[in-house]
Amino acid sequence: MNDRSKSMWLTVVLLLAFAGTAPAQGKQQNKALRINGYAGKAKILRIDDHEYVDIRDLAQITNGSLSFQENFVVLTLSAPRSVTSAATPSANHSPEPGFSRQFMRAGIEATASMREWRTTLAVLIRNGYPVGNGMVDYRGRSLDRVMLATAADSTPSDQSGLQLLTNEFNNVQTWSDSLVRARNSMDAANYAITDDTLTNDSLFQKIVRCGQFLGPMLASGNFEDDPACH
């Protein structure tokens, strides 16, 4: 038996014990009573600085049931109305539209990191500088930012935006790998890209357009799509 049940049982016993002496020892009043979301009028008996509630009134206020057996009284309480309504989820509840704040921040940082990656690579190869392992660091930083955006994904818009970020990362990776392979297969002095080469490079142009689209789109807070990011 839990504490609440024990307390109720003792109250019932005391009510029954004092029933015969109440007129002489206590004063009965009708007062408003509120119990866990239920409210109503009940007869309150005050004896020796203690208040006792009429158990029939208590059962009526709480929509409970009352039964009398040979040696005890059973009071069954129903669930409070306030608790029942609070526990019921709203059927009209829907997730907030647009990007979450965390995803917006991570997505913008990922876009900036990928832009730095492809711009640095283009400058190095255009001027015939050795690439070395430097691109590994740029790729790693970009991947870290995309992973942070992945961890912040919490809304349908975040999921759609993350797909575009992932597509951009994969395209930059493909373009970077192709340039490094092409350059490493020739002498540095005999291989360099020009502005015309970049202009005619469809993958590079696609990466640039997607990067230019992603930044403002993420900053707006609402998802939009663009073919350049696919």
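This short presentation concerns helices α9, α5 and α6, a disulfide and a cavity in a predicted model.

Good morning, colleagues. I shall begin with helix α9, which covers residues 202-220. Its 19 residues, at 1.5 Å a residue, should span 27 Å, and the C-alpha atoms at its two ends are 28 Å apart, in agreement with that expectation. At the start of α9, the side chain of Asp 201 places an oxygen within 3.1 Å of the backbone nitrogen of Leu 203. Just after the helix, Gly 221 adopts a positive phi of about 90 degrees.

Which residues of α9 are buried? They are Phe 204, Ile 207, Val 208, Cys 210, Gly 211, Phe 213, Leu 214, Met 217 and Leu 218. I ask you to keep three of these in mind, namely Ile 207, Gly 211 and Leu 214, together with Cys 210.

Cys 210 brings us to the disulfide. A search of the whole structure returns one such bond. Its partners are Cys 210 and Cys 229, with sulfur atoms 2.1 Å apart. The link is right-handed, with 110 degrees about the S-S bond. Cys 210 belongs to helix α9 and Cys 229 to the segment after α9, so the disulfide ties together parts that are 19 residues apart in sequence. Both cysteines are buried.

I turn now to the cavities. The structure contains two of 30 Å³ or more, and the largest has a volume of about 60 Å³. What lines the largest cavity? The lining consists of Thr 111, Met 114, Arg 115, Arg 118, Glu 168, Val 172, Ile 207, Gly 211 and Leu 214. Here the three residues of α9 return: Ile 207, Gly 211 and Leu 214 are buried in that helix and also line the cavity. Helices α5 (101-126), α7 (156-184) and α9 each contribute at least two residues to the lining. The largest share, four residues, is that of α5. By character, the lining divides into four nonpolar, two polar and three charged residues.

Let us therefore look at α5 itself, the source of that largest share. How far apart are the end C-alpha atoms of α5? They are 38 Å apart, and 26 residues at 1.5 Å a residue should likewise span 38 Å, so the two values agree. Just after α5, Gly 128 has a positive phi of about 75 degrees.

Two residues of α5 deserve a brief comparison. Are Ala 110 and Glu 109 buried or partly exposed? Ala 110, in helix α5, is buried, with a relative accessible area of 0%. Glu 109, also found in α5, is partly exposed, with a relative accessible area of 37%. Each has a partner distant in sequence. The C-alpha atom of Ala 110 lies 9.7 Å from that of Thr 166, although 56 residues separate them along the chain. Glu 109 and Val 146 are 37 residues apart in sequence, with 8.5 Å between their C-alpha atoms.

Finally, I come to helix α6, residues 134-152, where Ser 142 is located. This serine is buried, with a relative accessible area of 0%. Its side chain makes a polar contact of 3.0 Å with the side chain of Ser 113.

To close, I return to α9: the helix holds Cys 210 of the disulfide and supplies at least two residues of the lining of the largest cavity. Thank you for your attention.

Technical notes. Residues are numbered from 1 along each chain as its sequence is written. This is a predicted model: local features need pLDDT of at least 70, side-chain atom pairs count only at pLDDT 80 or more; totals for chains, interfaces and linings use all residues. Side-chain values use heavy atoms; hydrogens and water are left out. The expected span of a helix is 1.5 Å times one less than its number of residues. Buried means under 20% relative accessible area, exposed over 50%, partly exposed in between (1.4 Å probe, protein chains only). A polar contact is a pair of N or O atoms within 3.5 Å; within protein, one must be able to donate a hydrogen and the other to accept it, and residues adjacent in sequence count only if both atoms are side-chain atoms. On a 1 Å grid over the protein atoms alone, a cavity is a set of points where a 1.4 Å probe fits but cannot get out, and a pocket is an open set with protein on both sides within 12 Å along at least five of seven lines; lining residues have an atom within 4 Å of a point. Grid points are joined across faces, edges and corners, and a volume is the space filled by probe spheres set on the points. Ala, Val, Leu, Ile, Met, Phe, Trp, Tyr, Cys and Pro count as nonpolar, Asp, Glu, Lys and Arg as charged, and the others, Gly among them, as polar. A disulfide is a pair of cysteine sulfur atoms within 2.5 Å.
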